[in-house]
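Welcome! Take a moment to look over the chain below, and then we will walk through it together.

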Amino acid sequence: MAGMLDRLKEFARSPQGRRAVEQARRAAADPRKRAQAQRLLGRLKGRH
């Protein structure tokens, strides 16, 4: 598990990772995208 976290940290520091993080932040700020994500999470949590 530690290896996976290290790889995620490395990705987050890369230029691609920074772009992905910024894109996620913009999407989270958009009310429509936020509602869409909430619906998706609700459906995923409903499944066991």
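## Where the first two helices meet

In this predicted model, Phe 11, Ala 12 and Arg 13 of H1 are in contact with Pro 15, Gln 16, Gly 17, Arg 18 and Ala 20 of H2. Sorted by class, the residues of this contact of H1 with H2 are four nonpolar, two polar and two charged.

How do the two helices lie relative to each other? The axes of H1 and H2 come within 4 Å and cross at roughly 85°. That angle falls in the range from 65 to 115 degrees that counts as roughly perpendicular, so H1 is roughly perpendicular to H2.

## Where the second helix meets the third

Moving on along the chain, we come to another pair. Helix H2 covers residues 15–29 and helix H3 covers residues 31–46; their axes come within 5 Å and cross at roughly 95°. H2 is therefore roughly perpendicular to H3.

Which residues make this contact? From H2 come Ala 27, Ala 28 and Ala 29, while H3 brings Pro 31, Lys 33 and Arg 34. The contact of H2 with H3 has four nonpolar residues, no polar ones and two charged ones.

## The overall picture

With both meeting places in mind, we can step back to the whole protein. There are three helices and zero strands, and reading along the sequence gives the pattern α-α-α. The C-alpha atoms fill a box of roughly 30 × 30 × 10 Å when it is taken along the principal axes.

How much of the protein is buried? Of its 48 residues, 4% are buried. The accessible surface comes to about 4800 Å², and carbon and sulfur atoms account for 57% of that surface.

## A salt bridge within H2

Now for a detail inside one helix. The count of salt bridges comes to one, and here you can find Arg 26 paired with Glu 22, with their closest N and O atoms 3.9 Å apart. That distance fits the cut-off, because a salt bridge calls for a side-chain nitrogen of Lys or Arg within 4 Å of a carboxyl oxygen of Asp or Glu.

Both partners, Arg 26 and Glu 22, belong to helix H2, where they sit four residues apart, about one turn of the helix. Are they buried or exposed? Arg 26 has a relative accessible area of 52%, so this residue counts as exposed. Glu 22 has a relative accessibility of 36% and is therefore partly exposed.

## Three residues to look up

To get your bearings, try finding one residue in each helix. Start with Leu 5, which has its place in helix H1, residues 2–13. Its relative accessible area is 46%, so Leu 5 is partly exposed. Next comes Ala 28, a residue of helix H2 that also takes part in the contact with H3. At 38% relative accessibility, Ala 28 is partly exposed. Then there is Leu 40 in helix H3, which counts as partly exposed at 44% relative accessibility.

What separates these residues from others in the chain? From C-alpha to C-alpha, Leu 5 and Asp 30 are 28 Å apart in space, and their positions lie 25 residues apart in sequence numbering. For Leu 40 and Leu 5, the separation is 35 residues in sequence and 25 Å in space, again from C-alpha to C-alpha. Ala 28 and Arg 7 are 21 residues apart along the chain, with 24 Å between their C-alpha atoms.

Technical notes
Residues are numbered from 1 along each chain as its sequence is written. This is a predicted model: local features need pLDDT of at least 70, side-chain atom pairs count only at pLDDT 80 or more; totals for chains, interfaces and linings use all residues. Side-chain values use heavy atoms; hydrogens and water are left out. Axes are lines fitted to C-alpha atoms, for helices over the stretch in contact, and angles run from 0 to 180 degrees between N-to-C directions. Angles under 35 degrees count as roughly parallel, over 145 as roughly antiparallel, 65 to 115 as roughly perpendicular and the rest as oblique. Contact means heavy atoms within 4.5 Å. Ala, Val, Leu, Ile, Met, Phe, Trp, Tyr, Cys and Pro count as nonpolar, Asp, Glu, Lys and Arg as charged, and the others, Gly among them, as polar. Buried means under 20% relative accessible area, exposed over 50%, partly exposed in between (1.4 Å probe, protein chains only). Accessible areas come from the Shrake-Rupley method with a 1.4 Å probe; for residues, only the protein chains shown count as cover.
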